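Colleague: I would like a close look at a single part of this model. Please keep to what the coordinates show.

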Amino acid sequence: MSSPSLPDLDHPVEGPFWRAAAESRLEVQGCEACGYLRWPPAPICPECGVLGGRWEPIPPDGTIWSFTVYHRPLAPGLADEVPYAVGLIELDAGVRMIGRLSAPHESLAIGGRVSARFAPIGEGPRLPEWRPAEEHADAEAEGERA
Amino acid sequence: MSGRSRTAAIVGVGTTAQGELPGRSANEIAAEAIEAALRDAGLDKSRVDGLITCKAPRTTTGTDEQLGQLLGMNPRFGATLDYGSANFSLHLGVMAVQCGLAETIVLAYGTNQRTARASFGVGMGGGSEMAVRAGLVHVAGPAAMAFRRHQHLYGTTEEQLAMVAVAQREWAAMNPLAIFRKPLTVEEYLAEPYVAAPLRRSDLTMISDGGGALVLTTAERARDTRADAVHVVGVAEQSAFRAYQNADNLMRPWLGEMASRLWSESGLVPDDIGAVYIQDATSVWVLQMLEWYGFCGLGEGGAFLAEGRTRPGGSLPVNTNGGQLSESYMWGWLHMCEAVRQLRGEAGERQIPGLEHVLDCSTHDFLKGAASILSTHPR
């Protein structure tokens, strides 16, 4: 990985995100004063300046704004991962997240609907990966049948 | 404005050899560029009362304190920018001159990033650790996303984008300072493998050692220094520190707002500009800035490039030095040195005749932008 260390689940600012992700929930901070949903994690609301913020689950669904496929490893630790796709996802909840796109690259398109799936990284932590929404729904249905 | 209002002019430029400069520190290289700029201005260091420097990427070298000591200078005013691409440094110098903190300032940048094997595989997530974990590293990734979005919205093609690298290589072929001078065709460009699709190697800046420096003074003093002083007649800056919290941030619509201010405050329009210098970390920056500065309409940049407007003989020469794609990766310092040399009529084979105003524009990733209009005469 490009970040050699595992996420710090006890990190004072980002910890709650990783703890929720470890349980396959996507959470962001909502400002308790103005309601603005904040990403990335931060100790202050960038809209109104109020400290703190309540972590709340959001639907892990969004639309691909754009994406790229890395064919060359441009940082140490990525040699075994190329080619891989990264996209900017506009979530239905209103925040924008960068994430790994887990789908055949030729099937990726701007405007495509994606949903987060939580992939283990090491023991415990999980990282959201984005899959085409239908495939995700099919996988869940299969899970229910099994 | 009060009687204290002054305009600033560039009276000296200095460049070192570019490429690989083994065994030399970034500060030594910057010092060499400063000496060259002072010679060009015909000034002794005793006339300098300001020193503005910038750190080499992700290092602690390049501070005003280190360079002042190296050069034996005790200027009245000293400052260092952490991200001191030529435009941001120039603007700080203009401010210092305008408010009387200094009268004659040298500004410089030096780097040994190539021989020091500096890594540019850094996270591009706008402060998000998750983005880095997803593998969004190096400026190539977000630039590729921005270009794919441009393709999606406006039908821009890879053949059209190729013309950025191809045209700049044509200019570089006429620039003895340039590192990449071998001709590049659209076909050769398209045959290159993707680095971060849809971008290729030729869309991305090289990594090189080298230095550049400027001497800036008041318009009044400039008259006594060089008859062909180059005047700073317009400046603008804009940040986008909220990164991905801003809608469409990779398209950088905020550059358009900044450009509007630049044109209205300078009293000039795009048609007045004879050449454009765009700090080109990637070719996509050129595409975006041609549009945001109003040289063509939004979405029309691909066709504008494909028509050959920016190449030698075109209606709007862009990066006549070859830019960072072909000349050298100098944080825009060589773009500004080239702009000054062009305005002074010293660009030899690649000289643009009758040049009066040029635009020099820069961005720092997706976080901020700066632009200057440089002219042969004060406003």
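Which residue follows α9(B), and what is the sign of its phi?

Modeller: The model is predicted. Gly267(B) follows α9(B), and its phi is positive, near 75 degrees. The helix that ends there covers residues 254-266 of chain B. Its 13 residues reach 18 Å from the first C-alpha to the last, close to the 18 Å expected at 1.5 Å a residue.

Much of the interest lies in its buried residues. In α9(B) these are Trp254(B), Leu255(B), Gly256(B), Met258(B), Ala259(B), Leu262(B), Trp263(B) and Ser266(B). An α-helix has 3.6 residues a turn, so residues three or four places apart point the same way. The buried residues of α9(B) pack against one helix, α10, and against the strands β8 (230-239), β10 (357-364) and β11 (368-375), in chain B.

Tyr293(B) shows some of the contacts in detail. Leaving aside residues up to four places away in sequence, Tyr293(B) touches Leu255(B), Met258(B), Ala259(B), Leu262(B) and Trp263(B), among others. Its further contacts include Pro270(B), Leu359(B), Cys361(B), Ala370(B) and Ala371(B).

Tyr293(B) also belongs to the largest nonpolar core, which has 72 residues. Tyr293(B) is listed there with Leu290(B), Phe295(B) and Leu359(B) as having the most contacts inside that core. Helix α10 (residues 283-292) of chain B supplies the largest share of this core, seven residues. A second, separate core has 41 residues, among them Tyr109(B), Ile352(B), Val358(B) and Ala370(B). Ala370(B), then, is a member of the second core and is touched by Tyr293(B).

Methods:
Residues numbered from 1 in each chain as written. Chains lettered and ligands numbered in written order. Predicted model: local features only at pLDDT ≥ 70, side-chain atom pairs only at ≥ 80, totals over all residues. Heavy atoms only, no water. Core = buried A, V, L, I, M, F, W, Y, C linked by side-chain atoms within 4.5 Å. Buried < 20%, exposed > 50% of the residue type's maximum accessible area, 1.4 Å probe, protein only. Helix = DSSP H or I, 4+ residues; strand = E, 2+ residues; numbered from the N terminus. Contact = heavy atoms within 4.5 Å. Expected span 1.5 Å × (residues − 1).
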